[in-house]
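Work through the exercises below with the sequence and the model side by side, and try each task before you read its solution.

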Amino acid sequence: MSTSAEAPAASGASSAQPESTPAEELCHGCHKPLKETRKIAMDDAPWHPECFTCDVCKEVINDSVFVLVEGKQAHDRCRKKPNCVKCGKPIPLTVLQALGGEYHPECFTCGKCHEKIVDPNFFLVGAEPVHEKCAEKFSCAACSKDIDGLVLHAQDKNYHSECFRCMKCTAPIPETYYVFKEHVYCSMDCLKDAKEAAIAEAQAKAKLQEDGSALPKEEGKAP
């Protein structure tokens, strides 16, 4: 009786592996499997339609238009509308953020011509935004050069922001500063030193005048 033998496996062949099943898609809201054919996707995160709710009122968002409030979806009607820093009224739609505040686009206007500023390149004169075309050329009181960008206005003078420095230690001037004899100082210590120096200078001048008056006068010679 003859027997048959199986052929040896080819060198380098590997045995078949079972195919991996794809990862089950989970709802971003309830974290349960998404078995329904209908789903909502926001930022590549899938949701059950009934789980896609407003973070403010907790009701389902059925509208195709919604807003993000601190990174979470919400009805537009539920969004807290900021007040314009210029007119004080709520901003229902487009919010223009500039100079640390929020504006209606039509309220962000030039301090000179009062027309709307649409160009992102503008000047700040004092606390007012100004069109580049409307900005006057100011000279810096410290370096005497023209100021092309931000104009820092203090003590009825204009400065480059980098030139507005303490008269004593030359450190940049902070928000709160001190003035003595039309000069600015960054701290009480610098102000104290400036006052002491002024007193010493006044005393030295007074002593010179006193010494000069004490000198004997030269007698006139007879002709």
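**Exercise 1. Find how many salt bridges the structure holds, and describe the residues that form them.**

Solution. This is a predicted model, and the structure holds 2 salt bridges. Begin with K58 and D55, whose side chains meet in a salt bridge with an N to O distance of 3.7 Å; this pair qualifies because the cut-off for a salt bridge is 4 Å. Next, look at the surroundings of each partner: K58 is exposed, with a relative accessible area of 55%, whereas D55 is partly exposed, at 34%. Then turn to E201, which forms a salt bridge with K205, their closest N and O atoms being 3.7 Å apart. Both E201 and K205 lie in helix α1, where they are 4 residues apart, about one turn of the helix. E201 counts as partly exposed, with a relative accessibility of 47%. As a general background to such pairs, side chains of opposite charge can pair when their charged atoms come close.

**Exercise 2. Explain why C78 has no bond to C57.**

Solution. Start from the total, which is 0 disulfides in the structure. The cysteine sulfur closest to that of C78 belongs to C57 and lies 3.8 Å away, which is too far for a bond, because a disulfide requires the two sulfur atoms to be within 2.5 Å. Repeat the reasoning for C113, which is in no disulfide, the nearest cysteine sulfur being that of C110, 3.8 Å away. C113 is partly exposed, with a relative accessible area of 29%.

**Exercise 3. Describe how strands β7 and β8 are joined.**

Solution. First locate β7 at residues 122–125 and β8 at residues 128–131; the two strands run antiparallel and are joined by 4 bridges. Within this pairing, V125 stands opposite E128 in β8. Finally, examine the connection: the strands form a hairpin with 2 residues between them, and G126 in the turn has a positive phi of about 65 degrees.

**Exercise 4. Identify which residues of the largest nonpolar core touch the most other members.**

Solution. The core has 17 residues, and those that touch the most other members are F164, C166, I173, F180 and Y185. Among the elements that each supply at least two residues of this core are β14 (183–185) and α1 (188–214), and the largest share, 4 residues, comes from α1. To see the surroundings of one member, follow F164, which, leaving aside its neighbours within four places in sequence, is in contact with L152, A154, Y159, P172, I173, Y177 and V184.

Conventions: Residues numbered from 1 in each chain as written. Predicted model: local features only at pLDDT ≥ 70, side-chain atom pairs only at ≥ 80, totals over all residues. Heavy atoms only, no water. Pairing = 2+ DSSP bridges. Core = buried A, V, L, I, M, F, W, Y, C linked by side-chain atoms within 4.5 Å. Buried < 20%, exposed > 50% of the residue type's maximum accessible area, 1.4 Å probe, protein only. Contact = heavy atoms within 4.5 Å.
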